[in-house]
Each structure stands twice: as C-alpha cells, then as structure tokens.
Protein chains: 2
Amino acid sequence: MTEATIGTSAFDRDTAVTAQGEGVYGADLSAQWTIGHAVNGGYLLALLGRALGDALPHPDPFTITAHYLTASRPGPATVRTTAVRAGRTLSTGAASLLQRDEDGREVERIRVLASYGDLAALPDDVRTSAKPPQIPPYESCLGARDGMDPSAVPPITHQIDLRLDPATVGWAVGAPSGRGEMRGWFGLADGRDHDPLSLLLAVDALPPTAFELGLSGWVPTVELTVHVRRRPAPGPVRVAVTTRNLAGGFLEEDADVWDSEDRLVAQSRQLARALPA
Amino acid sequence: MTEATIGTSAFDRDTAVTAQGEGVYGADLSAQWTIGHAVNGGYLLALLGRALGDALPHPDPFTITAHYLTASRPGPATVRTTAVRAGRTLSTGAASLLQRDEDGREVERIRVLASYGDLAALPDDVRTSAKPPQIPPYESCLGARDGMDPSAVPPITHQIDLRLDPATVGWAVGAPSGRGEMRGWFGLADGRDHDPLSLLLAVDALPPTAFELGLSGWVPTVELTVHVRRRPAPGPVRVAVTTRNLAGGFLEEDADVWDSEDRLVAQSRQLARALPA
C-alpha cells in the first residue's frame, strides 16, 4: 500500500467539491464509502465540512451539526452553503446536501449548521481532565475485515484502517458485552494522516454501540454534532464511543477522539434511532 | 408564592411568541432573564423552541442546536422559522432570532437547527446505564441568592429556583474545587412543573463549570445542543454539568438532567469560550 498524504488520498478525492459559484458546489458521492445501501454519515459530513471550509472565511470546523433527513445514494450531489455570520474568531454557516430523485426532483439529504475557526490560531493551554481510553496496542486489536467472508465485506472497510478493541467485539460472535462501549484505533487505509475533516469521519466509523447492547437492527443517525478541538498529530487516532441512555427507541453515542500525542482532538455526540432487527 | 402551572407561569409568558404568518413570530425578550448585560441562552433557546414547536407538525424538541451569533438584548425580537422536512416520526426545521440594531438594521442573534417528534408516542423501554448524580437533599443545597447583596442579585435568580450542591460552590468563596463540575436542583421560582421547553432552560441555568476550574472570566456559549429524551415528571430536576476538556481557550459543558422518577430526561453539550477575566 502506498502512503497517501493529506490532499492525495482516496478520502480527499472522494470528499472533493467543485465550486459552481455563489456558495454552490458539485460533488459525487462515492460508492466506496458505503455499508449495505447506506453511505457513511461521517464521510458525508466530511464532504459537507469541506464545502463549508471553502465557503467561510475560517478553515476549520470548531462545531458542526448535521441532521440526516433522507438516505443519500452514491452518485451526483449538490452542496448549497449559506454564510450566516462572519466574525473575527468564528464564522457560522449552513449547508444542504441535495440529490435528484428518479423523477428529477431535488431532495434534501442532510442539513448542516456549523461554526468555523482557525485551530492554528488557538493558544497552547491544555487542562484536560479526561483520560485517553485504555485500548490494547494496534497490533493486538481486530481488523474490521478479520474473519469476514471477503465477498460480504462492505466497501468502506477497504477505505479505512479500523482496529477494534477485542473487549468491544463480542457482538460479532454473538456474545455482546451488554455495555454501550465501542473502542478502536482508526486511520485511513492508504496511510493518509488525520486532519480536522477526517476526524468528522472518525467519530462515525465504528460499529454502533447498540451492537454491544445486544441490538442487531439498523441504528440510523438523526443528528450528529462534532467539536474539533485540535489539529491531530500524525498517526492513527484512538476512538472511544459510549452510550449511557438507550430509552424510548433512541440512544445517544458520545465519541472521544485522541491523537498520538494523547490530546483529545475531537468530541462528538449523536442522537440515533434503535430500529427493530 | 402562588403555584403556577404549565401555561400560566412567568416562564410561559416570557417565552411566548405571536404568529405573524408564514412561519414568522413576534417575541419580546424579557429583562427578567438576564445576568449582567446578557440574556440567558437557555431562556432564548426555549423561546425559539416554542416557535419551532408551533411551526412544525411535531410538538417536542428531540434534538435542538443553537449557534449564538451576537448578544441578544431585552426588547422586541422576531423569530423566522423554516420547515426543512416533515416525516412521520420526526420533522426538521431551522429558526433565526432577529433584533434591530440602533440604526434599525436587522441583526441575527441566534441560528437554530432542530428535529422534533412526539415524546408521548415513544415506547416505554428504558435501558439507561447512567446513574443519577449524588446531590444532597434540596434543603441542604444552597440557593442562588444565599449570602448575596440583594441589590447585586441578577434578575434571572428571581425567576428560577436553583439549589447548588455545596460541593460545587467553592468558587463563590474563592476556593474552587479544581474539578469541572457543577450540580444542583433546578425548578421555576413560581412552582411551575417542567416540560420539554423548560428543560432547554435547565441545561444552561447553572453557573459555568469554569468557575470551579478557577476561571473568573465570561464563558459565552458558541453552540448548545440539547436532546430531550422524555417528558419530565413533576417536581424539580437534578442537573449535573461536567467539563473534561478545557484547552485552546475553549471548553465543552455536558449536562445531564434527571427528573423526580430518576429518569434521564435531557442531555446537552455546549462549546463555550473561556475569555480572560
């Protein structure tokens, strides 16, 4: 595997957007980031985040929220951005991901609201009381394709380098832990280092915590909010996802993302539905 | 103090919106919900949440995100709502809070994106692993006005019934704990019970956790997301707020809200700036 860099990797190519003037961008949703019929929500958020980073005067998503409205499909799409406010430290914008249905009508897939800033301009103070997750070394963790029938492997698993903590993969052998926890190492398969945009992918790339709670149905995201707190150091990140409140058919998933310098580089929370199997 | 009910309390009066046709509402931001020059962000979110609940086909905010753009002032305001999508279980909408500046120009104060549903329609399953916070009994907690010079008491403290856990009020006597924690009982001063809208207030009504971390400057909210998970039972709620990552001049505040039946009725996270004192 050749080592890709930020700008040259499959992730950059597949999240590319083409300016079509006045805050509008063309995009092509890649079939390489799907699982089942679904295009991964973190991949889509990264694509929208790239468009907003181009449209707004600040480069980095400090806090970005997406509401997933209808199921995106691989193929052409349009991103429409709106500048809400441009300030000195932060600028705020909205974005919509749109596709055409079989009758040619425009359907909104995702609506985003975000505030952008410049991570490079932040002071160096760190007073983090959270601790990095206890995850076995990369080599001791389990690859996303390990033990799977190659013909059944979802396309996205070829794009990412996900190594799950063996303590959180009981669901795969019919023995879920009963705890709402999922942990692992996360990188891109072509060796590209992380940047703020790939952190938007990292928070939504692990299997649902609901699997370890013994549920096996689909867990579609209603809303996902990501705070990117620091530009990540090179190397894979550690992602720890927890669920504390599965009730009324909904659950939250909180993700912490730690870089190779033990810095908490992103925090996310999503509200998801727990659908029957 | 007379016992107010949902619909008759000061909170309901001060968050009222008047339909002006086509998703537009008039409002009057009350000076009774201020602290210093600032109108409380949770109060403003409740007002916006009320407008969206009227504009959308579903009644309750399941997940609502606000980006605070400019400082709201007591006085007239306009709420403009936009329906994004109406589904069977959830509907999604956006809203803007607008005021006129001294030159009569419209300025946007807050932008909101939210998905609404019907809490009464959710199934009864509960698998919450989170535990209610350990807070001393209401009678043993400290009122927000206790020991304050009456002439220095912010207006909002007369509207709410906030009783802080003595373990998290060290900051008030110059001895912050150093832990990013703030806990207390929270109700409305006129005895009104909670509903989903007052939970939007509850998550942003405690003093900043930054005070217990030894900071004394202003901590303005950049973005606040609230998940309302259940219609709260009667009586005051317990609110526990934690900060785990103060870095680069920003911090997150996570709030859990528990009702009198020990149910986790709301979860929130905000990104805030830690400004110099």
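Reader: Let's start with Glu106(A): does this residue count as buried, partly exposed or exposed?
Author: Buried means under 20% relative accessible area and exposed means over 50%, with partly exposed in between (1.4 Å probe, protein chains only). Glu106(A) has a relative accessibility of 35%, so this residue counts as partly exposed.

Reader: Before we go on, what kind of model is this?
Author: Residues are numbered from 1 along each chain as its sequence is written, while chains are lettered from A and ligands numbered from 1 in the order in which they are written. Side-chain values use heavy atoms, leaving out hydrogens and water, and local features need pLDDT of at least 70, side-chain atom pairs count only at pLDDT 80 or more, and totals for chains, interfaces and linings use all residues, since this is a predicted model.

Reader: Which residue does Glu106(A) meet in a salt bridge?
Author: A salt bridge here is a side-chain nitrogen of Lys or Arg within 4 Å of a carboxyl oxygen of Asp or Glu. The partner of Glu106(A) counts as exposed, at 55% relative accessibility. The two side chains meet at 4.0 Å, N to O, and the partner is Arg100(A).

Reader: Now to chain B: how many residues apart in sequence are the parts that Arg183(B) and Asp165(B) tie together?
Author: The two side chains form a salt bridge at 3.0 Å, N to O. Arg183(B) sits in strand β12 (residues 181-188) and Asp165(B) in the loop between β11 (160-164) and β12, so the parts joined are 18 residues apart. Helices (H or I, at least four residues) and strands (E, at least two) are DSSP runs numbered from the N terminus. Arg183(B) is buried at 16%, Asp165(B) is buried at 4%, and the separation in sequence is 18 residues.

Reader: Which residues do salt bridges with shared partners join into one network?
Author: There are 40 salt bridges over all chains. Those that share partners link Asp12(A), Arg50(A), Arg192(A) and Asp195(A).

Reader: How far apart are the closest N and O atoms of Arg13(A) and Asp14(A)?
Author: Arg13(A) is exposed at 57%, whereas Asp14(A) is buried at 8%. They form a salt bridge, and the gap between those closest atoms is 3.1 Å.

Reader: Which residues share a nonpolar surface patch with Trp218(A)?
Author: Trp218(A) lies in the loop between α5 (209-212) and β13 (221-228) of chain A. Not counting residues up to four places away in sequence, Trp218(A) touches Ile35(A), Ala38(A), Arg273(A), Ala274(A) and Leu275(A), contact being heavy atoms within 4.5 Å. The patch has about 280 Å² of accessible area together, and joining Trp218(A) in it are Ile35(A) and Leu275(A).

Reader: Which helix gives the most to the largest nonpolar core?
Author: A nonpolar core is a set of buried Ala, Val, Leu, Ile, Met, Phe, Trp, Tyr and Cys residues joined through side-chain atoms within 4.5 Å. The largest one has 60 residues, and those with the most contacts inside it include Leu45(A), Leu97(A) and Phe186(A). With 8 residues, the top contributor in chain A is helix α2.

Reader: What kind of axis relates the two copies?
Author: Chain A superposes on chain B by a rotation of 180° with 0.0 Å of shift along its axis (RMSD 0.0 Å). The copies are therefore related as by a two-fold rotation axis.

Note on methods: Least-squares fit on C-alpha atoms with pLDDT ≥ 70 in both. Patch = residues over 30% accessible without salt bridge, like charges linked within 9 Å, V, L, I, M, F, W, Y side chains within 5 Å. Areas by Shrake-Rupley, 256 points an atom, 1.4 Å probe, with all protein chains shown as cover.
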